[in-house]
2 protein chains.
Amino acid sequence: MKVGLDKTTIIEMAANMADEKGIANVTLKVLAAELGVKPSSLYKHFNGGLGELNKELMLYGWHSLEIEITKAAIGKAKDDAIMAICYAYRNFSAGHKGLFEAMQWYNMYRSEEHLQATQGMVSVFFQVLDSYELSEEQKVHIVRMFRGFLQGFSSIESHGGYGNPLSINDSFDFALKTILNGIHDLQEGMEK
Amino acid sequence: MKVGLDKTTIIEMAANMADEKGIANVTLKVLAAELGVKPSSLYKHFNGGLGELNKELMLYGWHSLEIEITKAAIGKAKDDAIMAICYAYRNFSAGHKGLFEAMQWYNMYRSEEHLQATQGMVSVFFQVLDSYELSEEQKVHIVRMFRGFLQGFSSIESHGGYGNPLSINDSFDFALKTILNGIHDLQEGMEK
DNA sequence: TACAATGGCTAATATGATTAGCTAAAAGGA
DNA sequence: TCCTTTTAGCTAATCATATTAGCCATTGTA
C-alpha cells in the first residue's frame, strides 16, 4: 500500500490511456488498476471523481497545447509564425487523440473553465497577429477563424473523417495558404 | 401498454432531449420515461441498446443537415451558394446543439458509418464548387477546409467557447469572406 | 378462429461510480 | 524517541444505469 500517487501522476496516466483507447474508455476502474490501486482510492486525489478527472485532463491538455504552439512560434514572424503554430496544433491533436477529445468533450455544456483554459492559446495567436496591419476587430475575427478551422479539421482528421485518398497534409497546407491569402487581401485593402 | 412506438418516433424524441439537456443526459431510463415505456422495452426497437440509438442519432443528424444545406443552395451559385450552405450548417448546429454533438461524438474511434453519413453533405459542396474554375484536387482541399472550419466554429460557438464580446455573427461572416477571397486568388492564378 | 409476430412488462444480472468508515504508514513536533 | 495528526490506501455497501431473460397481452392475418 501507500503507492504514493499524486494528481499529476494520475492525470498523465489518464492522458496516456485516453490516447491509447479513447477518452470514453478511461474509467476509474481501469485507471486505478493501471496505477495499482483501488478505484475508491482515487477519490483521495479527486474529490469530484470522474468528472473532476475529466476537467483536469481538459486543463492539462490545453496547457500542454499552449506550450507546444508557443515553442513553435519562437523566432518566426507573420505567415511563418502562423503556419508554425497551426502545424503545432495539428501535430498535437494527432499525437494526443484522446487528450484532444477530452479537451473538447468535457464541459460541453458548462464552459467557464474551458474558456479560461483556452486563453493561453488565444494569446499566442494575438501576439503573432500583432505583426500584421490589422484592426483589433479583425484580429478577433481571425483568431476565431483559425480556432474554428484548427479544431474542426484536426478533429475530423483524427477520427478518420476525411475519406478521400488525397493527402490530408496537402489539404491542411492548402487551407492555411488560402486563408492567409484571404488575410493578405485585407491588408491591401487597409493600405489603400 | 402497446404504446405503439417506432424507431423514428424514438429517435426524434431522443434528438429533442439531446437538444434540451445535452447528449450525455439522454439515457435509456429518462428517454423511456418520456415515451411512457420501460427502459427494457426500447431494446425491442434497438437491439444494440444505447449504442445503436446513438448511432441512429448520428445518422439522423447528418441526414437532416444534408437536407437543410441542400435547400439552402437552391437557386444560388458560386459565392452566394457557398455562403448559403455555410449559414445553413451553422444555423443547424445552433438549433440542434445536442444532435450536433451526437453527430460528432458517436463513433469517435470507429468511423465507417460516420464516413458514409457525411457523404451527402460533401456532395452538395462538390456540386456548388463545380461552378468555379478549380481542379479536382483543389475542390477536395476546399471541401475539407470548409468542413473543418464549419465543424470547429460551430462547435466552439455552440459551447460558448468564444468569450470575446465581439459579434460571433460578424466573425463567421468575416471568416467566410476571407476564405472565399483566398479561393478567388486561386482562380486568378489558374487563368494566367 | 387459431396462431404467429410484436411490443410491452417484470425480475435478475452486470458494470461502474460513489460513499462511509476503518487503518496503516508517513510526517512532524515536544 | 514517542505521540499525534494527516494522508492515502483499503473493504464493504449503495446507487444508477444498461442489459438480458423470459413471460404475456395485443394485433394482425391465414
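**Notebook: two protein chains and two DNA strands**

I began with the protein surface near DNA strand C, and by class I counted six nonpolar, seven polar and five charged residues there. A reminder to myself before going on: this is a predicted model.

**Entry 1: DNA strand C**

Which residues come nearest to this strand? Of the 18 residues around DNA strand C, I noted Tyr43(A), Lys2(B), Ser41(B), Lys44(B) and His45(B) as the nearest. I then looked at which part of the strand faces the protein: sugar and phosphate make up 60% of the atoms of DNA strand C that come within 4 Å of the protein.

Next I went through some individual distances. For Ser41(B), a polar side-chain atom sits 2.5 Å from a phosphate oxygen of DNA strand C. Lys44(B) also has a polar side-chain atom at 2.5 Å, but here the partner is a base oxygen of DNA strand C. Chain A takes part through its backbone: an N or O backbone atom of Leu50(A) is 2.9 Å from a phosphate oxygen of DNA strand C. I also checked which elements give two or more residues to this surface, and found α2 (28–35) and α3 (49–73) of chain A.

**Entry 2: DNA strand D**

I repeated the search on the other strand. Of the 18 residues around DNA strand D, the nearest are Lys2(A), Lys38(A), Ser41(A), Lys44(A) and His45(A). How much of what lies within 4 Å of the protein is sugar or phosphate? For DNA strand D I get 64% of those atoms, with the rest belonging to bases.

The distances I wrote down for this strand involve phosphate oxygens. Two backbone entries come from chain A: an N or O backbone atom of Gly4(A) lies 3.0 Å from a phosphate oxygen of DNA strand D, and a polar backbone atom of Leu5(A) is 3.2 Å from a phosphate oxygen of the strand. From chain B, an N or O atom in the side chain of Tyr43(B) is 2.8 Å from a phosphate oxygen of DNA strand D. Here the elements giving two or more residues to the surface are α2 (28–35) and α3 (49–73) of chain B. By class, I find six nonpolar, seven polar and five charged residues near DNA strand D.

**Entry 3: how the two chains are related**

I laid chain A on chain B, which took a turn of 180 degrees and a shift of 0.0 Å along the axis, with an RMSD of 0.0 Å. The two copies are therefore related as by a two-fold rotation axis.

**Entry 4: where chain A meets chain B**

I listed 44 residues from chain A and 45 residues from chain B in the contact. Of the interface residues of chain A, 100% are also interface residues in chain B, so the copies meet through the same surface.

The area buried between chain A and chain B is about 4100 Å², and carbon and sulfur atoms give 65% of it. How many salt bridges cross this interface? I found zero salt bridges between chain A and chain B. Polar contacts did turn up, with 14 residue pairs across the interface of chain A and chain B.

On the side of chain A that touches chain B, α5 (97–105), α7 (136–158) and α8 (168–191) of chain A each give two or more residues. The largest share, 15 residues, comes from α7(A). Last, I sorted that side of chain A by class and got 18 nonpolar, 19 polar and seven charged residues.

Note on methods. Residues are numbered from 1 along each chain as its sequence is written. Chains are lettered from A and ligands numbered from 1 in the order in which they are written. This is a predicted model: local features need pLDDT of at least 70, side-chain atom pairs count only at pLDDT 80 or more; totals for chains, interfaces and linings use all residues. Side-chain values use heavy atoms; hydrogens and water are left out. A residue is near a molecule or strand if one of its heavy atoms lies within 4 Å of it. A polar contact is a pair of N or O atoms within 3.5 Å; within protein, one must be able to donate a hydrogen and the other to accept it, and residues adjacent in sequence count only if both atoms are side-chain atoms. Helices (H or I, at least four residues) and strands (E, at least two) are DSSP runs, numbered from the N terminus. Ala, Val, Leu, Ile, Met, Phe, Trp, Tyr, Cys and Pro count as nonpolar, Asp, Glu, Lys and Arg as charged, and the others, Gly among them, as polar. Copies are superposed by least squares on the C-alpha atoms of residues with pLDDT of at least 70 in both. Contact means heavy atoms within 4.5 Å. Buried area is the accessible area (1.4 Å probe) that two parts lose on being put together, summed over both. A salt bridge is a side-chain nitrogen of Lys or Arg within 4 Å of a carboxyl oxygen of Asp or Glu.
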